[in-house]
Amino acid sequence: MPLSDLSFTSDEVQALADTYRSGWLSQGPKVEAFEAAFAEYLGSPHAVAVSSATAALQLICCALGLGAGDEVLLPSLTFAASAAAVFHTGATPVFLDIAGLQRPWLAAETVERALSPRTRAIVNVAYAGHPGESLALRELAQAHGVGMIEDAAHALGTRVDGRHVGTIGTAGAFSFFANKNMALGEGGMLVTGDPQLARTARLLRSHGLSAGTWSRHRGNDVDYDVLAAGFNFRLDEARAALGLLRLRRLDEDNRRRLAAAQAYARALRSVNGVRAAIDWGSPGTHAVHIYPLLVDGGLERSAFRAQLRARGVQTSVHYPPLHLTKAFAAPDRAPLELTEEYARRTVSIPLYQTITAAQQDHVVEAIKAACLALTP
Ligand SMILES: *Cc1c(COP(=O)(O)O)cnc(C)c1O
């Protein structure tokens, strides 16, 4: 039982083959069409296709003009990329605690207490695909005149109050990495309502050039100028062609993930030794990306994971807290107690859109057996 699994339709594979036969592989008309479809799906004025969510975060940080002396508030319980994007601008990532053991996301209250005159932005991570306190954070960011960056890598398709996560703040970043809900292999999307931010992102994703190769290929421009020092963060045509098709089944894929999450919640409710880390019955539409559990305090997580592994069930930990990693350690700061306890006790179990009831039964039986074996 792998943690995540992939499936592609024959139409999707065909779209890839057609693109490779078309004679045009780099950013061109399929990328444009994918951006338009993505913007429409999210109800976002602008969507900029890029090579990864990390690239999208990096471009957002650059477009916001972050630099040395600036502080950006973000959860410690996230993937390394959320902080690296901030770090590479010269700004300082300031790690904050989660709202609670069963609310593993930023609380607006925590963020408000951490605001300083140096704070330029907040990065909200929609952990596991849950919107968390996105709406309250937007109000807070607006009231204090700081940017709100949404790391929505887990949350493509999550809606709260009728709005898509990723379109709530200043700008959002989505991932199409191979284990994400809409896997293309690699790839990402930056979305924003700010036309200037979108323009800057488009410029910087392709070396800061005034005209791209597709435009020159069509004869629109013969020369280019370098308007800014940029990056190569482009998405290619094949992935865009696949993305166009996968977007059409995204809501259905997410419905299956949510149904599987609710089935786990029902099956595990009465099991002594573990509990669900997130209540997926809460209002909103959820793109459940991972299914994290909390093992009880008295139960050793590594032994629990070994028990599951012995029964053929892969598990993972989302995440080792960044403030305790070598790259991002900040020894002079106070401990983040909830984050540290959560990170000691959390275990993610297999979840994907094609998981079957029989596979989920197998996981649940393995968990029951592990709990029995390990409870004194
Ligand atoms: C996967 C992930 C990223 C990075 O996405 P890439 O497309 O692989 O760059 C960033 N943040 C979070 C929370 C993620 O899970």
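Tyr319 sits in the loop that links H11 to helix H12 (337-345). The peptide bond leading into this residue, from His318 to Tyr319, is cis, with omega near 10 degrees. This is a predicted model. Its ligand is surrounded by 15 residues, and the protein buries 93% of the 380 Å² that the ligand exposes when taken alone.

**Ligand shell**

- Among the 15 residues around the ligand, the closest are Ala53, Thr54, Asp151, Ser175 and Lys180.
- Sorted by class, the shell holds 6 nonpolar, 7 polar and 2 charged residues.
- Two helices each supply at least two shell residues: H3 (53-63) and H4 (80-87).

**Polar contacts to the ligand**

- Ser175 places a polar side-chain atom 2.7 Å from an oxygen atom of the ligand.
- In the side chain of His154, an N or O atom is 2.8 Å from a ligand oxygen.
- For Lys180, the distance from a side-chain N or O atom to an oxygen atom of the ligand is 3.2 Å.
- Each of these pairs falls within the 3.5 Å cut-off, so they count as polar contacts.
- Ser175 and Lys180 also appear in the list of closest residues.
- How much of the ligand does the protein bury? The figure is 93% of the 380 Å² exposed by the ligand alone.

**Helix packing**

- H3, which supplies at least two residues of the ligand shell, also packs against helix H7 (residues 195-205). Their axes come within 9 Å and cross at roughly 120 degrees. H3 and H7 are therefore oblique to each other. Their crossing is right-handed.
- H11, which precedes the loop holding Tyr319, spans residues 301-310. Its axis comes within 9 Å of that of helix H13 (residues 357-374), and the two cross at roughly 135 degrees. An angle over 145 degrees would count as roughly antiparallel, so this pair is classed as oblique. The crossing of H11 and H13 is right-handed.
- Helix H2 (residues 29-42) packs with helix H9 (residues 237-248) at about 30 degrees, and their axes are 8 Å apart. Angles under 35 degrees count as roughly parallel, so H2 is roughly parallel to H9. H2 passes H9 in a left-handed crossing.

**Backbone features**

- Where does Asp161 lie? It is in the loop between strand E6 (159-160) and strand E7 (163-164).
- Asp161 has a positive phi of about 55 degrees, although it is not a glycine.
- The cis bond from His318 to Tyr319 is the other backbone feature to check on the model. Tyr319 belongs to the loop between H11 and H12.

Conventions: Residues are numbered from 1 along each chain as its sequence is written. This is a predicted model: local features need pLDDT of at least 70, side-chain atom pairs count only at pLDDT 80 or more; totals for chains, interfaces and linings use all residues. Side-chain values use heavy atoms; hydrogens and water are left out. A residue is near a molecule or strand if one of its heavy atoms lies within 4 Å of it. A polar contact is a pair of N or O atoms within 3.5 Å; within protein, one must be able to donate a hydrogen and the other to accept it, and residues adjacent in sequence count only if both atoms are side-chain atoms. Accessible areas come from the Shrake-Rupley method with a 1.4 Å probe; for residues, only the protein chains shown count as cover. Helices (H or I, at least four residues) and strands (E, at least two) are DSSP runs, numbered from the N terminus. Ala, Val, Leu, Ile, Met, Phe, Trp, Tyr, Cys and Pro count as nonpolar, Asp, Glu, Lys and Arg as charged, and the others, Gly among them, as polar. Axes are lines fitted to C-alpha atoms, for helices over the stretch in contact, and angles run from 0 to 180 degrees between N-to-C directions. Angles under 35 degrees count as roughly parallel, over 145 as roughly antiparallel, 65 to 115 as roughly perpendicular and the rest as oblique. A crossing is left-handed if the near helix is turned anticlockwise from the far one by less than a right angle, and right-handed if clockwise.
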